[in-house]
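Visitor: Could you take me closely through one part of this model, the pairing of two neighbouring strands, and then work outward from there to whatever surrounds it? I would like one connected account rather than a list.

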Amino acid sequence: MMAFRKLDDLGDVTGKVALVRVDFNLPMKDGAVTEDTRVRAVAPTILELADKGAKVLLLAHFGRPKGNRVADQSLSLVVSAVEKVLGREVMFVPEVAGDVVKQAAGILRAGDIALLENTRFWPGEEKNDPELVKAMAEVGDFYVNDAFSAAHRAHASTEGLAHVLPAYAGRSMQAELEALENALGNPVRPVAAVVGGAKVSSKLDVLKHLVTKVDHLIIGGGMANTFLAARGVDVGKSLCEHDLAGTAEEIMEAADAAGCTVHLPYEVVVSKEFAANPPSLRTCNVHEVAADEMILDVGPSAVEALADALKTCKTLVWNGPMGAFETVPFDAATVALAKIAAALTKEGSLVSVAGGGDTVAALHHAGVAGDFSYISTAGGAFLEWMEGRELPGVKALEI
């Protein structure tokens, strides 16, 4: 596992300025934050630093302002939500560098917290401009990155600062890196991966990487149809990327060569229309899909077979639903398999790591999100990690 500095490695930080990168790219409606999971995720790091006497300056992006000041993408809008989670007063500073930030740092007392303006208001942020990095670093004594979800971006606040200030991983980042190491870096075998979602094209690199890393690859969602079609199965009107049949075959051949078993559904739930509880709903063998039907979920017998495979495994990494889980009853396979994984985790026989927006939503829908070993709220960064890519924001923390 990569070696990186943690908050435990900090000495006395009383009165020192901590530049802390967090993810406050929060969902909003009518000017108010509607969901604060990301704030709660970084609260332990912020409060630990504050309680140790540091002056905590928070750096974050919000939306895609593309280097311009955009009123409805100012981080001033999230201050009250952050204060509510932290239970502390948070000063808002409308800059990220320069005299205004220096003055704010001078006003702050040991243990105080301030939130700087949206880093993406400055064109140099996304360009990782050395001049912006230097200007931001001038006020800080050390840098903490607690935003794994932005670690796949080599931006000034996510990567640049780690090269000019003593750099540490925050508690959320630390937990994420340790969980990912346990899932694919140095896992207890056998390892299973569940990969679902609509299209193979969106997860080609994930699939290619995983077949060399895991013992069982369970493919669900619309992407399973592409693999079935590549094997000569008529999938009717199902969502399917027929032009990727050759690629699907290559992935399955690579899996065979690596000793990875690929699991495709042999029983499916089909309908002539995509709607909640449609009258044409039926369960059938995958070879019995009619020309006017579409596959919308994995059948219960196939889920039982997948459960048997999971019971032989020690580690699970999950990204993507098994079916069209947003619409009842096509959530059944995702919910059933999630409950099995959760039960195995609770009994101590499985380490389970899941990530990605749809996956997190599906696990909450199944009522088992709290039973998995670790759930990553990162989207793009989690996906790139599953692809085996080096994440700049993580690499910069290495010692």
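Guide: In this predicted model, strand 4, residues 55–59, and strand 6, residues 113–116, pair in the parallel sense, and three bridges join them. Within that pairing, V56 stands opposite I113 of strand 6. The two strands belong to an open sheet of six strands whose order is 5-6-4-1-7-8 and whose pairing is parallel. Its edges are formed by strand 5 (90–93) and strand 8 (167–169), each of which pairs on one side only. Between neighbouring strands of this sheet the average turn is 25°, with direction ignored.

From strand 4 and strand 6 one can step to helix 1, since both strands are included in what covers the buried residues of that helix, along with strand 1 (17–21), helix 2 (79–86), strand 7 (142–145) and helix 6 (171–185). The buried residues in question are V39, V42, A43, T45, I46, E48, L49 and A50. As background to such a list, an α-helix has 3.6 residues a turn, so residues three or four places apart point the same way. Helix 1 comprises 15 residues, 37–51, which at 1.5 Å a residue should span 21 Å, and because its end C-alpha atoms are 22 Å apart, the expected and the modelled span agree. The helix nevertheless bends by about 40° at A43, and a proline, P44, follows within four residues. After helix 1 comes G53, with a positive phi near 100°.

Helix 6, one of the elements covering the buried residues of helix 1, holds Q174. This glutamine counts as buried because its relative accessibility is 12%, where the cut-off for buried is under 20%. Leaving aside neighbours within four places in sequence, Q174 is in contact with F4, K6, D8 and A169. In the loop between helix 6 and strand 9 (191–195) lies P190, and the peptide bond that leads to P190 from R189 is cis, with omega near 0°.

A second cis peptide bond is found between V328 and P329, with omega about 10°, and P329 is placed in the loop between strand 15 and helix 11. For comparison, most residues other than glycine have a negative phi, and most peptide bonds are trans. Two residues with a positive phi, neither of them glycine, may be set beside these bonds: D30, with phi near 55°, and N277, with phi near 45°. D30 sits in the loop between strand 2 (28–29) and strand 3 (32–33), and its relative accessible area of 78% is why it is classed as exposed. N277 lies in the loop between strand 12 and strand 13, and it too counts as exposed, because its relative accessibility is 52%.

The loops that hold P329 and N277 also bring us to an aromatic contact. A search of the whole structure finds five aromatic pairs, and one of them, formed by F274 and F330, is tilted, at 6.1 Å centre to centre and with 50° between the planes. This pair links distant parts of the chain, for F274 is in the loop between strand 12 (267–271) and strand 13 (282–285), F330 is in the loop between strand 15 (315–319) and helix 11 (332–346), and the two are 56 residues apart. Their surroundings can be read from accessibility: F274 is partly exposed because its relative accessible area is 47%, whereas F330 counts as buried because its relative accessibility is 0%.

Strand 12 and strand 13 lead in turn to another open sheet, this one of three strands in the order 13-12-14 with antiparallel pairing. Strand 13 and strand 14 (294–298) are its edge strands, each pairing on one side only, and neighbouring strands are turned by 45° against each other on average, direction ignored. Strand 12 and strand 14 run antiparallel and are joined by four bridges, with V268 standing opposite V298 of strand 14.

One further loop position completes this account. D243 is in the loop between helix 8 (221–230) and helix 9 (245–258), and it counts as exposed because its relative accessibility is 68%. D243 and T226 are separated by 17 residues in sequence, and in space by 8.8 Å from C-alpha to C-alpha.

Conventions:
Residues are numbered from 1 along each chain as its sequence is written. This is a predicted model: local features need pLDDT of at least 70, side-chain atom pairs count only at pLDDT 80 or more; totals for chains, interfaces and linings use all residues. Side-chain values use heavy atoms; hydrogens and water are left out. Two strands pair if DSSP finds at least two bridges between them. Axes are lines fitted to C-alpha atoms, for helices over the stretch in contact, and angles run from 0 to 180 degrees between N-to-C directions. Buried means under 20% relative accessible area, exposed over 50%, partly exposed in between (1.4 Å probe, protein chains only). The expected span of a helix is 1.5 Å times one less than its number of residues. The bend at a residue is the angle between axes fitted to the seven residues ending there and the seven starting there. Contact means heavy atoms within 4.5 Å. Rings of Phe, Tyr and Trp (its six-membered ring) pair if their centres lie within 6.5 Å; planes under 30 degrees apart count as stacked, over 60 as edge-to-face and the rest as tilted.
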